[in-house]
Every structure is written in C-alpha cells, then in structure tokens.
Amino acid sequence: MSDTAHALKRIRTRRRLFRTLKKWISKLRFLLFAVGICWLFILPSEQYHKSTYISENALLPGQVNTYYSWGQVHEAAAFRDNITLLSNSSNIEKAAYIENELRKAGLKTAMQNFTFNMSGKKISGINVYGVFKAPRADGTEALVLSAPWKSNDGETINTNGIAAALSIGKFFKGYTYWSKDIILLITDGGEAGVQAWLESYHDHPRSAISSTPLFLRSGAIQAAINLDFPSTNDYKALGIFFEGVNGQLPNLDLINTVIRVCRSSYSIPIMLHDSGHHYSNYDNGNYYDSLHNLLQTMRHQALCHPTGSHGLFFRYKIDAITLYGHTTAKTSNSFSFIEIGSIVESTFRSLNNLLEHLHQSFFFYLLPTPERYISIGSYLPPALLLTVGLILQALELWGKTGDDYAEESVSENSQPESSSSSKDDNYVVPLPYNNRQRQILFPMTVLIVSHFAGLLIFFVITNHFSYNQLSKIFGIPEFLFTLSLITSISILIPATLIQIQKSDWMVLKSFTLAFTAMIMSCLSVLNFSLAVFSSLIVIIPFSLFKPTPKYKLLQYLQLLVLIMISPPGILILSGTNLEKFLRWALMEYELLGSYLLPFICCFYWPSILVYSVIIFSDS
Amino acid sequence: MWQLGRFLFFILLFTFVENYQHNDIFKESLTIKPLSDGKLLTHFQFNVRTSEIKEGKAFSHYKFFPRAIGQIIQSYNARELHLTFTQGRWNYEDWGYPIVPSAGTGVELWAWLWKDGKLDKNWKSLTNALAGLFCASLNFIDDTITVQPKLSFRPEGLYNATELSARAELRYGSLPHENVCTENLTPWIKLLPCKSTSGIASLLNGHKLYDSNFHSMSIHVRPVCQDLECLDRQLEIVQTVSAVVDPVRNSGKRDWSLDQIFGRRLSQACPLAEESKLEVILSENGDYKLSPAVDDVRKNDGDATIALYNLKTLQLETDISMTWNEDVFKYSYGQERGGIKVNIFNKSTNMTVPIIYYDVIPWFLKLYLHTLKVQINGEEVRDSPVSPIKDLYYQPAVDRSRPNVIEAELLLPPNSITTLSINFDKVFLKYTEHPPDANRGFDIGSAVISSIGEGFNHLHDFMTRNCSEDIPKATCYHFFIRVYTETLLVSLPTPDFSMPYNVITLTCTVIALFFGSTFNLLTRDFKVKTKYIDFTINSIIVPE
C-alpha cells in the first residue's frame with residue numbers, strides 16, 4: 001500500500017512541477033536567451049579557456065636541429081630579386097621561371113593551365129608544382145608547401161613567400177630522412193588556382209573549372225603549409241590564418257605545432273589573422289584582444305569564406321594553415337628568410353614524423369589567443385541554450401492549441417486528483433494529454449510553399465548569374481522584381497486559398513520555431529559562428545511576433561522588423577552593394593562549395609517569409 | 001689405432017664422395033650502372049645451381065645451395081619460389097627498366113606449388129616458414145590477400161610451361177606496407193656460401209644500403225635446363241640485392257667509388273665462387289675514367305658496353321662520369337573518392353605494345369565492374385573492334401575471405417596514354433578490423449603491368465642478367481617485363497577511437513539497454529487490484 005502511495009506522491013509532484021514550468025515558461029525562455037548571450041561574452045575571458053597542448057605524440061615539435069642556414073638565405077634572396085624583376089611579366093613567363101628553378105633544384109615539375117568562367121568574369125592562370133619524391137618512401141603520403149602568386153589582399157605579390165618556398169624545396173632535397181613526398185606548389189589566380197589544382201590532383205572535377213589533367217602526382221596529402229609573405233620587407237609578427245570554407249578548421253595539432261616551433265627557437269610575436277594583439281612568449285593578452293580574435297574567427301566562419309589558399313584543402317581531408325608575414329606590428333624585433341625557413345623546416349620535420357593522419361587533437365575549437373583554446377564542449381552550450389528557448393516555446397504553443405478544447409476536462413480531472421488521497425485504491429491517473437486533433441493543413445502548406453519559394457529564389461540566383469546572356473537582358477532591377485514576386489506569391493497562396501482557423505497561427509508558429517531550433521542546433525555543430533549569428537538575429541523577433549489584429553500599427557511594425565532582418569534588408573542596412581554581394585556569394589558557392597548562399601535561400605529566408613504570414617494570419 | 005685409421009678413412013671417403021657428387025656452382029657478380037639522373041644502380045647477384053635437388057626425391061646433402069631454402073622447397077612441394085623485399089619506388093621515367101624485374105614497395109611472394117591435395121595448406125606453411133626465416137610478416141598473407149593470377153606471373157623456370165600449369169598452381173600474395181630493414185638482410189646474407197666475409201657480399205653494408213633511394217632484395221628459386229633439349233634439369237637459386245644510391249646527394253658530383261657508396265672496399269673474391277666479377281655498364285658517349293684499369297671491355301648484344309673486372313685484383317676504386325638518356329614507359333597512379341585510375345604511357349612512336357594489367361584490390365573496396373573504363377588519349381573507347389581490351393579476367397571479392405582481382409590484356413597503340421579507371425565503394429569495417437594505426441589508412445599494393453619481352457630487345461642489360469651463357473637465347477627472350485605502379489593509401493571511414501568516443505559508445509549502449517524497461521515503467525499505468533490480495537503478499541501490482 002505504501003508503495004502505491006509513494007508512486008502517487010511522485011506522480012503528483014511531477015504534475016506540480018510541470019504546472020509550475022508551464023506557468024514560468026515564457027519567463028524562463030527569456031532567461032535562457034539572456035544566459036546564452038551572456039555566456040557567449042564569457043567565452044573570451046581567461047578563466048574560461050585552457051592552454052593548448054600537443055595531442056599527437058609523434059609530432060615532437062621543435063625537437064630537431066634545423067639546418068636551414070645562411071647559404072639558403074642567400075639563395076632565397078636571389079630568388080626574391082628574380083621574382084621582383086618578373087613582377088610585371090605575363091603568367092607564362094612567371095610559371096616558366098618557377099618551373100625552371102624547381103627543375104634546377106632536382107624536382108620533378110609540371111604545369112597546369114586552368115580557366116574558370118563565372119559571372120561574366122574569366123579567371124585563368126598557370127599553376128606550377130614540383131614533387132620531391134622522398135628516397136626510399138613508397139610514395140603513398142605527401143606534404144604540400146604552397147605559395148600563391150598573390151598575397152592575401154589580392155594585389156601585392158607574394159615575393160618572399162615564393163622565394164622562401166623555392167629555397168626550402170631545394171634545401172629539403174638534400175636529406176634522406178623524409179618519409180613523405182614533398183610537393184611544392186606555386187598557385188596562380190587566387191583561390192581558383194588552388195581549387196583547380198586540388199580537383200585535378202584528386203581527379204574529382206566538381207566546379208566549372210576547366211584545367212589540364214595532372215600526370216605528375218604523389219600520394220595522399222597529409223598536411224599543407226601555405227606561405228604568404230608579401231613584398232620584400234622584413235616582418236614584425238607571424239600571422240596564422242586557419243579558417244576554411246564553411247568554417248572548417250584544421251586539426252588543432254597543426255596550429256600548435258607551428259606555434260610550438262616558433263616559441264621553442266625564436267622570439268617571433270604571433271598573431272591570429274592579421275590584426276589585433278601580437279602575442280609574445282608568456283603573453284596571453286587581455287579580454288578585449290581575445291574578444292577581437294574570436295569575433296574575427298566567427299566572422300570568417302559565418303561568411304563561410306576561407307581566409308587563404310589553405311582553406312580549400314579541407315574538403316579533401318587535408319589539414320592546412322597559412323603563415324602570414326605581418327609588417328606593421330609594433331615590435332622591436334623583425335624576422336626574415338632564416339626564421340621563415342627554419343620554422344617551415346622544423347614544422348615539416350614534425351609532420352614527417354606522423355604515422356597516421358592528423359586526428360588526435362580537436363577539429364572544432366575557437367582560439368581566443370594563439371596558445372589558448374575553447375573546445376566544442378565549452379562553446380556549444382550557449383548556442384544550444386539559445387535554441388532551447390525556441391523549442392520550449394514551440395512545445396508550449398503546441399500544448400496551448402490542444403488546451404482550447406480540453407479546458408473543462410482538465411478541471412474535471414483535477415477534482416478526483418485532489419480528493420484521491422482519501423481513496424487511493426480506485427484512483428485512475430488521468431491521461432497527461434488529450435486527443436484533440438489540430439489542423440495542420442494550413443501550417444504545412446505555408447511551410448512547404450515558403451521553402452519551395454526559397455529554393456526557387458536560389459535557383460533564380462544561380463541561373464541568373466551563371467549565364468552571361470541572360471544577365472544582359474535581366475538586370476538587377478528585374479531580378480529584384482522577380483524575387484519580390486516570388487516572395488509575395490509564396491505569402492499569398494496559403495493566405496488566400498485556405499480557410500484559416502483561429503488557432504492555426506499558433507500551430508504554424510510552433511512548427512516554425514521547432515524547425516528553426518532544429519536547423520540552428522544542427523548548424524551550431526557544423527558551423528558554430530553562422531549558427532550563433534543567425535540565431536542572435538532571429539531569436540527575439542521569432543519568439544515575440546504574433547498576429548495583433550487589434551493593433552494594426554504593431555502589425556506593420558513587426559513586418560518592418562521582418563523586412564529588416566530578411567537577407568536583402570540586412571544587406572541594405574549594412575550598406576553592401578547587393579549585386580556585388582550576390583556575385584561574391586555565388587562565386588563562393590560555385591567555386592569553393594560554400595553553403596552560405598544555399599543556407600540563406602533555403603532556410604533563413606523561408607522562415608522569415610513564414611513569419612510574415614503568421615503576423616497577418618489571425619484576421 | 002686401426003679403428004681410428006678406418007674412421008679417418010671413412011671421413012675422407014665421405015668428403016671425397018660428397019665433393020664428387022655435388023657439383024654445385026656458385027657465381028657472384030656486382031653490376032653498377034650510372035642512371036640518367038646522376039644516381040647509381042648497384043646490383044648484386046649470387047647464383048647457386050645444384051643438380052642434386054630433384055622433385056619428389058628426399059635430399060639431405062647441401063653444399064652451396066642454402067639448406068633452409070632447400071628444405072622449405074622440398075617439404076612444401078614448391079616448384080618455383082619468388083620472394084622480393086622492396087623499399088622505395090623504382091623511378092621508371094628516369095631510370096629505365098630495372099636490370100632484374102623489381103617489385104612494388106613492400107614484400108611480394110609468389111610461388112608455383114605442385115597440386116598434391118594439400119596445396120593451400122602448403123602455401124600457408126610456406127608463408128609461415130619464410131616469415132620465420134626472414135623475420136618478416138609474411139605470415140599475414142592469408143586467404144584474404146592470396147590470389148591466383150591467370151595471366152600474369154607465368155613460370156620463369158625453363159621447362160614445359162603447359163605441363164607445369166597442368167600439374168602446379170600459382171599463389172601470389174603481397175604486403176605493401178612491410179618495411180624492409182637489416183633484420184631481413186641478415187638472414188638473407190646467411191644463405192650465401194661465403195656469408196659476408198669475403199667476395200662482393202662483403203660490400204653489403206646495412207648502413208649504406210638503407211640510406212639509398214631504392215632498395216630491393218630478392219630470392220628466386222627455379223628449375224633451369226642444363227642442356228638445349230632440357231633433359232637434365234638443375235635447381236637454381238638467384239639472390240639479388242639492387243640499390244639505387246645517390247652520389248650527388250653526398251658529394252654534389254656524379255663521381256663514385258666503392259668506398260664512398262658502400263663504406264667498404266673489396267679485398268678478395270669469395271674462394272668458393274667459380275666466377276666473381278664486377279661489371280660497370282657504360283654508355284656509348286660519355287667522358288669518363290675508370291680506375292684501376294679495366295680487365296676487359298665487352299659489348300653486349302645491344303649497344304651497351306660493359307667494363308668488366310675480374311675480382312682477382314685487390315683495392316678497387318673507380319671514378320666515373322657520364323650521361324644517360326632513355327625514356328620509354330611511364331605511369332602514374334592516383335585515387336580519391338572511390339576510384340582508381342591508371343595512366344599507362346606508350347612512348348614508342350611506332351610500336352603497338354601488348355601488356356597485361358594486373359591489380360589486386362582488397363575486399364573492403366567494393367569495385368563496380370560496369371564503371372571500368374578505358375580511355376585512349378582522353379577519349380573513351382567503348383566495346384568495338386578497336387577496343388584495346390583483348391581479354392579480361394575478373395574475380396569479384398568475397399567479404400573477409402578473398403580480394404578483387406582484375407587482369408586485362410591490353411594493346412597499347414603507339415605514342416598514347418591509356419587510362420584505366422574503375423570506381424569503388426568503401427566499406428564500413430567492424431571496429432576490430434581496424435589496425436592499431438587506424439587513421440593511417442590502408443595500403444593497396446601495386447598494380448603490375450607485364451609485357452612479353454619480344455618488343456623490348458633493346459633492353460639488353462635486362463636480358464643479359466637473365467640469360468646466362470649456357471641458356472638457350474630463344475627461351476630467355478620470353479621473360480616478362482614487369483612494371484610496378486606505386487602503392488596507394490586509401491582511408492576508409494574510421495571511427496574515432498579516442499577516449500570520448502569510447503565514453504559515448506559505452507553510454508549509448510547502457511542507455512539503449514535500459515531505455516526499453518525505463519520507458520515501459522514510465523508510460524504504463526499501474527493500478528492496485530485489491531481483490532487478489534493474498535495474506536502473504538500485501539499487494540500485487542499488475543500492469544494494466
């Protein structure tokens with residue numbers, strides 16, 4: 001008997017708990033949002049993150065004696081002078097020079113011509129690469145040392161980078177300890193060149209690049225280091241770029257290795273990207289430096305844009321980073337070829353030790369400073385808290401749409417419950433739910449039609465710019481007109497054709513919130529930054545907005561906000577040239593396979609369209 | 001006293017009888033060939049021939065023929081045995097063909113075994129015995145990687161081949177990721193009659209040998225004919241070590257000396273050897289100097305001039321410099337995203353070359369035969385009279401028991417690039433099937449392109465290695481030339497074997513186990529039925 005009583009007591013406690021939860025849910029929601037946002041701002045503080053460490057024991061960074069010395073520096077200086085002379089020559093002359101130098105160094109060389117036609121723009125160029133076949137190795141693995149012709153800014157010639165790469169390649173040839181082949185890659189035409197080379201190397205034509213096939217090849221590439229040392233100056237600090245397409249990151253061990261190598265032998269200040277604080281030894285900066293670094297990373301990740309040639313390697317499961325020479329940092333020391341060469345040599349020696357692909361350390365992390373990291377377990381909770389609020393609200397609304405019917409039965413059920421303590425034996429626990437059927441025709445139609453409209457927008461954008469012929473007759477105004485036509489039709493169809501019931505908007509809102517929460521939480525694992533930024537934009541409007549037929553003004557105010565947070569609204573508010581952005585996003589999509597454009601068109605925009613239906617649906 | 005005398009007499013008699021009966025012949029030679037890119041090929045070859053070991057006859061007296069190998073051959077009924085350890089890649093483009101067919105990276109073992117009812121057992125025992133003998137992981141050649149090629153790897157011994165294929169079967173296995181080192185070299189040297197104490201074997205210095213760009217060590221056991229009619233057969237064991245050393249790397253010059261490349265000098269020939277020589281293959285045009293003076297210079301059937309040293313002279317040091325240029329055949333090999341692609345170059349301007357392409361692909365790559373495509377110079381060739389595929393043998397894989405085998409007979413048009421490609425799916429392996437270094441990926445052995453030597457008569461040095469003076473020429477021109485592609489590394493979907501992964505897996509398992517019962521408890525309603533109250537039991541809770 002006492003067992004039963006106990007069970008009953010437990011059930012009752014649980015009911016009470018749920019009722020309290022239900023009562024506080026709207027407040028709890030906002031509490032979650034607030035906690036989530038505050039948590040995000042705690043991320044950069046020093047107490048929150050940990051020091052990085054080398055996870056892969058085979059790497060042993062900085063343990064070898066480096067032999068890159070002044071002889072190589074003189075060679076590099078000679079290369080630098082020749083490259084400076086070549087700066088105004090044609091692609092062919094440049095490529096021929098590089099190929100000749102690589103051949104002289106005793107490497108097997110090949111050239112690759114490629115052309116890429118996109119949005120009325122034609123990118124063409126010649127990649128040159130040389131393969132140093134490691135003696136005695138079986139040629140199943142390779143490391144890449146790459147240097148693009150143009151530096152990160154797209155204008156300055158990467159003179160020192162190429163000169164260093166050439167001298168290092170020549171230098172590596174003299175040793176037998178290599179267990180992996182070394183590929184020296186000088187790419188032309190920015191990202192298109194790297195992409196063309198990678199696609200041909202892996203025999204995996206994906207984008208619209210037409211290029212000559214590669215017959216000179218090596219094994220599976222394990223890691224790549226990209227050198228970006230613009231012009232011919234000395235450098236003040238070493239910048240590290242690591243973000244790739246779609247916010248992918250290299251294994252943390254690779255970054256750690258380079259930093260450990262720098263720290264072990266040289267006092268070169270290290271910075272993340274090319275702005276912000278430069279970190280010397282035992283310097284962890286302050287909160288604002290960390291925040292700045294995090295925001296930089298998150299901006300790059302959210303735009304799904306790679307921060308250098310290295311970013312394209314990730315698609316092929318190759319870990320890569322760019323080393324960048326920063327000239328304007330305020331430090332007393334400066335460094336040049338000897339340091340660059342030694343750092344690259346030592347890093348390659350470490351990578352040469354690898355028995356397996358880099359896999360030990362983190363692939364998902366945030367770097368507030370070069371030597372401290374936040375792991376996925378620490379940064380994911382705030383992003384998830386933001387979405388949990390949406391899910392709670394969706395469930396609450398779903399419950400509410402059922403409560404309309406069942407209000408009386410609820411009160412009836414509560415009667416025996418209160419008196420149940422007296423007659424335990426025959427007590428039947430009421431069903432915790434009711435069987436009311438909800439109308440899902442309208443919500444589902446709206447959801448499907450608006451997402452279909454999103455797909456249509458995506459289709460129009462991709463085709464509009466892909467065909468040159470079309471874009472001549474079909475300018476930006478017509479294009480905008482088409483877009484607005486699609487959006488308004490997608491809003492009108494469900495609104496006019498279907499008889500709307502009173503609570504339909506609740507079901508619709510519940511669905512949309514749940515769907516948004518699902519998308520955001522999934523995305524937060526893949527691309528944390530994009531998820532956080534888009535959640536921060538939509539969460540407050542999405543949870544607050546509802547039809548207010550009594551206050552027309554409020555209704556239109558809501559519509560205004562929705563327009564402001566819709567993709568065109570954001571672009572116009574931020575003062576971006578619409579056409580420029582579209583061309584950029586499209587090129588990212590077609591050339592690099594970035595999913596920013598599909599995400600905006602197929603997920604982000606449709607949910608805003610759905611909301612513009614919601615605020616007008618209860619009439 | 002008389003008894004002791006009789007005993008000595010017997011010993012003498014036995015020795016005499018042995019010497020009389022065992023006319024084993026031992027020859028050693030070292031060939032040095034400067035390659036076109038400044039590297040140097042050094043090729044050691046040791047031949048032992050015995051007429052004693054006959055099929056089906058018990059044999060227990062050994063003179064020069066290594067006992068370890070003889071016993072293995074006899075007890076496992078092997079007719080031919082070829083074992084090659086290779087480290088590095090032979091660079092066909094710059095180095096031409098190897099003097100003796102080398103193998104792909106790793107270990108390659110193939111043998112013709114007599115059909116005697118326990119052939120597969122014999123093969124297994126053979127691999128195990130050789131594994132023990134050479135300190136190599138040959139015992140890992142199990143059923144999943146053993147294959148029976150139908151077109152490639154024909155018998156190399158000199159006898160009636162049809163008779164052999166009726167009475168014997170071929171077994172082939174290779175381990176691409178086997179490292180070769182001194183632990184394999186030491187037992188190999190022990191098989192030599194003079195070990196490494198004298199003769200050219202004394203140059204085999206592990207430190208220098210394993211600092212080379214390419215290194216291949218092999219043992220070939222095969223029957224050979226003693227006369228033209230092949231009535232009398234001998235058993236021959238050929239032990240070779242080929243190494244490509246790079247004098248340029250150390251000194252910056254092409255000049256070389258034995259001291260420099262091996263760290264040792266030659267003192268004397270092996271006293272047991274009937275013939276002991278050092279050959280330097282020279283090119284036609286080149287400014288070079290050999291010191292000390294050459295004993296003999298002879299011309300081969302081809303164009304090559306061979307400088308010959310009979311190793312009676314002591315103190316050998318030579319300096320040489322020349323250029324070399326030949327470029328016939330090259331290949332490349334690449335794979336990504338579930339596909340294999342082989343480019344075969346025929347650089348001959350007027351010759352159509354017949355080849356046999358052979359590839360063994362492990363079972364965990366599921367090949368799609370319908371995706372097998374042949375392109376010539378970038379244009380796809382469909383089934384038609386001009387199709388370069390003349391014959392195709394394909395053995396589909398069986399999971400966890402046997403690999404895929406593709407053998408194709410192709411005709412390469414002159415001056416063309418023939419591209420073979422086939423797609424595959426990668427299989428999810430069971431977690432226990434991953435090796436300890438799971439994230440490295442899986443090594444796939446070399447594909448082998450064989451061609452019958454008739455079209456390659458200009459490859460004189462290759463021929464001369466295989467044709468001894470007393471072997472009929474016609475037979476020795478029928479040797480296969482084999483070109484090995486590079487091995488490749490395929491990464492399969494790998495689970496995260498790290499600690500968090502284990503925790504997640506364990507937690508999920510526990511949750512899955514308890515979910516059912518917990519869910520039941522939570523969702524079912526329990527009701528007390530007072531009717532059935534027993535005296536002993538206070539209440540019974542019955543699920544409703």
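Biologist: What percentage of the 544 residues in chain B is buried?

Modeller: This is a predicted model, and a residue counts as buried when its relative accessible area is under 20%. Of the 544 residues in chain B, the buried share is 52%.

Biologist: How many helices and strands does chain B have, and what part of its contacts with a separation of 6 or more joins residues 24 or more positions apart?

Modeller: Chain B is made up in part of 12 helices and 24 strands. Among the contacts in chain B with a separation of 6 or more, the part that comes from residues 24 or more positions apart is 75%.

Biologist: In chain A, which strands are the edge strands of the open sheet with the order 1-12-11?

Modeller: The open sheet has 3 strands in the order 1-12-11, with antiparallel pairing. An edge strand pairs on one side only, and this holds for strand 1 (50-51) and strand 11 (365-369) of chain A.

Biologist: Which residue of strand 12 is the bridge partner of A:L366?

Modeller: Strand 11 and strand 12 (residues 372-375) of chain A run antiparallel and are joined by 3 bridges. Within strand 12 of chain A, the residue that partners A:L366 is A:I374.

Biologist: Which helix of chain A packs on this sheet, touching strand 11 and strand 12?

Modeller: The helix touches both of these strands, and its direction makes about 145° with that of strand 11 of chain A. Spanning residues 287-302, the element is helix 7 of chain A.

Biologist: How far apart do the end C-alpha atoms of residues 556-575 of chain A lie?

Modeller: The unreviewed UniProt entry annotates residues 556-575 of chain A as "transmembrane region". In the model this span is 85% helix and 0% strand, and its end C-alpha atoms are separated by 24 Å.

Note on methods. Residues numbered from 1 in each chain as written. Chains lettered and ligands numbered in written order. Predicted model: local features only at pLDDT ≥ 70, side-chain atom pairs only at ≥ 80, totals over all residues. Heavy atoms only, no water. Helix = DSSP H or I, 4+ residues; strand = E, 2+ residues; numbered from the N terminus. Buried < 20%, exposed > 50% of the residue type's maximum accessible area, 1.4 Å probe, protein only. Contact = heavy atoms within 4.5 Å. UniProt positions renumbered as here; feature names shortened; annotations may be inferred. Pairing = 2+ DSSP bridges. Axes fitted to C-alpha atoms, helices over the stretch in contact; angles between N-to-C directions.
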